[in-house]
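The following paragraphs offer a guided reading of a protein structure. They begin with a term on solvent accessibility and then turn to individual helices, loops and residues.

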Amino acid sequence: FATLDPQLILKSALELPRLFGEAHAEGEVLQKACAFLVQVLSPAVSSAYVVEAHPQDMASSRMLATCSRDGERAPVLSRRVIGDALQLDGSVAFFNHASSHAIDATVHDTTRTVGACLIERSAVGEPIVLYVVGERALPNSNTDIAAGYLSLVSTLTRQHLVAQRQTHLAQYFSPKVVDLLMRPGGRSSAEGDPRVMEATSLIFDLRGFCLSTEAAATDLLGWQKELRSTMDIVSREVFAHEGTVIDYQGDGCFAAWGVPFEQAGQAQLAVDCALRILEQLKTTPLKSLSSPSGPVCGIAIAKGQVLAGSMTSSRHFKYGLLGTSVNCAARVESLTKPGRLDAPLLVTEEVARQLDVARTPFVRAARVALAGMETLVNVYEVLDPSRSLSSPAQAARWEELLCGLEGSRHIADLRELQAAIDAFAGADDPRVRWLQAQCRQLEDPQQLARWDGVVRY
């Protein structure tokens, strides 16, 4: 028989939360749990393992963490152990045998002690089991102590994993979505196999942040602080409008709606979020901007089918989106810059169709050819209500002028269009100034000869 020291076990129980706090990844948490069990339950326990079990095919089970005093390979658990652990739902299935006959729970002939406990279920519903194995049996007085300690370690492991996941998910998902993800079965929506979903993608890029290649460390520190405060504004508004932050890229941010759960009104939510970001940045001084002129940022929004889910390895979770609409949003964002369409917020036609123009005024900005994409697209600028083009009459007249530009093929067409622009009451609007610049470019006979109504940059 092997005997346990109750005082050592009690003392170690107080140390485990601190050790878990030092773990930064789920694999580290599981590994610390295994190592601690072998240390504290010795000499009754010689090995501890965490396995993602497949009850219908135990041979395909996946080992997540392991610790063995003797360096032995993990024994394959029988369906009996897994079944008992699942049936007890969080309690310990403990097998202890003092005779010369091995327990029929493992493939090791020398096994005398086995304890197993369900930690949780994986994102796809498979049981993740923590179990210990030993070659010496325990006296009856120690069996309850060992089982109770295994149950405690399992509970603390589960609690720390939950807290760790909540902290990680809170960086990318709104509190409402985090709550849904943490419910039973919710994780599969994010961590399971990628699936096709209808999503709205938002690309944000901060304008004018320019770092010299010879910038000093103190310059970089100041730049980083301003960038962080800006991204705090962006992420706060994304979460406030029930969106998901997919990634931060330098001085930009990629957010989405409609993932990891289906979402009604996603296009309007994304546009409302973008307008709020623009409003917030108007009152946020950014000293590191290389130029105070022009929009402080560019935002583009596109909608369409995407492949959404975990896009990295099986050991590292990172939620991601792939799809034409994501690429489209990135390319449209590049058109928001001065010298191009010069508009702080552009959306694709799929997004514009979902908006209430009376509540969120917008006008068509141009028909464009996006880099690397064959399909021509109409892009729309979402307007501040104070803009003259936000009125229905002015918006309709603007569309006539834009169609006039797209249909111009001769100098006479341009002269007629320029006269109409001069007579337009909204001639001071940025969109109209862009139209005038296009007319001036087409006065070049070579430019006009190549003009087909499609804007190309």
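A residue is called buried when its relative accessible area is under 20%, exposed when that area is over 50%, and partly exposed in between. The structure is a predicted model. By this classification E242 is partly exposed, because its relative accessible area is 34%. This residue sits in the loop between α7 (217–240) and β7 (244–249). The backbone of E242 is also notable for its phi angle, which is near 65°, a positive value in a residue other than glycine.

The chain as a whole may now be considered. Its secondary structure consists of 14 helices and 13 strands. Of its 457 residues, 50% count as buried. When contacts between residues at least 6 apart in sequence are taken, 66% of them join residues at least 24 apart.

The description of helix pairs rests on a simple convention. Two packed helices are described by the angle between their axes and the distance between the axes. In the pair formed by helix α2 (residues 26–40) and helix α4 (residues 140–169), the axes come within 10 Å and cross at roughly 165°. Since angles over 145 degrees count as roughly antiparallel, α2 and α4 are therefore roughly antiparallel to each other. Their crossing is right-handed. From α2, the residues E26, V29, L30, A33, F36, L37 and V40 take part, and they meet Y149, L150, V153, T157, H160, L161, Q164 and R165 of α4. By character, the residues of this contact between α2 and α4 comprise ten nonpolar, three polar and two charged.

Two further residues of α4 deserve attention. N142 lies in this helix and counts as buried, because its relative accessibility is 7%. Leaving aside residues up to four places away in sequence, N142 touches A2, T3 and L4. T155 also lies in helix α4, but this residue counts as partly exposed, at 27% relative accessibility. T155 and L118 are separated by 37 residues in sequence, while their C-alpha atoms are 9.3 Å apart in space.

A second helix pair has another geometry. Helix α11 (residues 392–407) and helix α13 (residues 430–442) pack at an angle of about 15°, and their axes are 11 Å apart. Angles under 35 degrees count as roughly parallel, and α11 and α13 are therefore roughly parallel to each other. The crossing in which α11 passes α13 is left-handed. On the α11 side the contact is made by W398, L401, L402 and L405, and on the α13 side by R431, V432, W434, L435, Q438, C439 and L442. The residues of the contact of α11 with α13 divide into nine nonpolar, one polar and one charged.

W434 of α13 also leads to a loop elsewhere in the sequence. D342 and W434 are 92 residues apart in sequence, yet 7.6 Å apart in space, C-alpha to C-alpha. D342 is found in the loop between α9 (324–334) and β11 (345–348). Its relative accessibility is 33%, so D342 counts as partly exposed. Phi of D342 is near 50°, a positive value in a residue other than glycine.

Helix α9 itself contributes the buried residues S325, V326, C328, A329, V332, E333 and S334. These buried residues pack against β6 (195–206), β8 (252–257), β9 (297–310), β10 (319–322), β11 and β13 (376–382).

What is the arrangement of the buried residues of helix α5 around its axis? In this helix (residues 175–182), V177, V178 and L181 are buried. They cover an arc of only 105° around the axis, which puts them on the same side of α5. The face turned away from that buried side carries the exposed residues P175 and K176.

Cis peptide bonds are the next feature. One joins S42 and P43, with omega about 10°, and P43 is found in the loop between α2 and β1 (47–52). The bond from V259 to P260 is also cis, with omega near 0°, and P260 is found in the loop between β8 and α8 (266–282).

The last residue considered is V454, in the segment after α14 (445–450). At 5% relative accessibility, V454 counts as buried. V454 and A366 lie 88 residues apart in sequence and 7.6 Å apart in space, C-alpha to C-alpha. Residues up to four places away in sequence not being counted, V454 touches R367, V368, A369 and L376.

Terms used:
Residues are numbered from 1 along each chain as its sequence is written. This is a predicted model: local features need pLDDT of at least 70, side-chain atom pairs count only at pLDDT 80 or more; totals for chains, interfaces and linings use all residues. Side-chain values use heavy atoms; hydrogens and water are left out. Axes are lines fitted to C-alpha atoms, for helices over the stretch in contact, and angles run from 0 to 180 degrees between N-to-C directions. Helices (H or I, at least four residues) and strands (E, at least two) are DSSP runs, numbered from the N terminus. Angles under 35 degrees count as roughly parallel, over 145 as roughly antiparallel, 65 to 115 as roughly perpendicular and the rest as oblique. A crossing is left-handed if the near helix is turned anticlockwise from the far one by less than a right angle, and right-handed if clockwise. Contact means heavy atoms within 4.5 Å. Ala, Val, Leu, Ile, Met, Phe, Trp, Tyr, Cys and Pro count as nonpolar, Asp, Glu, Lys and Arg as charged, and the others, Gly among them, as polar. Buried means under 20% relative accessible area, exposed over 50%, partly exposed in between (1.4 Å probe, protein chains only). The arc is that of the directions from the helix axis to the C-beta atoms.
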